[in-house]
Amino acid sequence: HLPAKSTVQSHVIDISQEYIQRLIGLIVLIMMNVQGRSAVNAAGDSTGFSTNMYGRWYTAKYGDGSRRQYIKLHALISADTDMPFFLTAVATPSNVSDTKQLEPMIGMLNVNVSEVYLDKGYLSRSNAQLIADRGAVPYIAIKSNARPRSLGYPAWYGMVRMWKDDRDGYDEHYNRRSIIEGIFSAVKRIMNQPVRSKVQHNQEVEVMCRPVIWNITSLMYHIA
């Protein structure tokens, strides 16, 4: 029979995010082998998974109050139209910036990536260069007043120049980022229960299990 909930919770503390990240990476390698692929395109973003805990919240309009706390899942997902899968993932508290998680996620990639699609939250010269140094082409949503001055980051110049010279072509690539929004929505719809753990580490592990479950489901889809 299955162990009691309290028994599971007491042992989750022994599971690190790094272990789950390696597990995600292993499934990715199997998936690439099954599909006979040598490279993928990737879309990045983050989403929140609510917990059963509430925290103090203040707004200028309503003053003091409380709202449900959540754990943030940052991820890079294969930009496929046919059952995409998680390439890397990181779970953090809700107040952690998206852009700061890009570098560790890029560093975790164990497959070749051709293109990376990101929204304006990741827009910076260093992030464009980070992606280019990994051998991929960055397609980040660009602000209308962006200038192509590289300031030591040649990938920034190339990206902005490409956007200015052919906006329709640039947007055609960038719009593939919407795939990650669809995957986040599907994950929440299928695994729709709030995070039940009360300890932050356990909450993060619980959230990280969702990409693993999704990847196993995706692998079974591609094997079938």
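Here is a quick tour of a few spots in this structure.

The model is predicted, so local features need pLDDT of at least 70, side-chain atom pairs count only at pLDDT 80 or more, and totals for chains, interfaces and linings use all residues. Residues are numbered from 1 along each chain as its sequence is written, and side-chain values use heavy atoms, with hydrogens and water left out.

Let's start with helix α4, residues 125–133. Helices here are DSSP runs of H or I with at least four residues, strands are runs of E with at least two, and both are numbered from the N terminus. Asn 127, Ala 128, Gln 129, Leu 130 and Ile 131 of α4 are buried, meaning under 20% relative accessible area (exposed is over 50%, partly exposed in between; 1.4 Å probe, protein chains only). Their cover includes α3, β4, β5 and α5. Just past α4, Gly 135 has a positive phi of about 90 degrees.

Now for two residues side by side:

| Residue | Where | Relative accessible area |
|---|---|---|
| Gln 101 | loop between β3 and α3 | 12%, buried |
| Leu 23 | helix α2 | 31%, partly exposed |

Apart from neighbours within four places in sequence, Gln 101 is in contact (heavy atoms within 4.5 Å) with His 74, Val 90, Thr 92 and Val 96.

Leu 23 belongs to a nonpolar surface patch, along with residues including Tyr 19, Ile 30 and Met 220. Together the patch has about 780 Å² of accessible area, by the Shrake-Rupley method with a 1.4 Å probe, where for residues only the protein chains shown count as cover. Helices α2 (17–35) and α8 (200–223) each give two or more residues, and α2 gives the most, with five. Patch residues have over 30% relative accessible area and no salt bridge; nonpolar side chains (Val, Leu, Ile, Met, Phe, Trp, Tyr) are joined within 5 Å, like charges within 9 Å. A salt bridge puts a side-chain nitrogen of Lys or Arg within 4 Å of a carboxyl oxygen of Asp or Glu.
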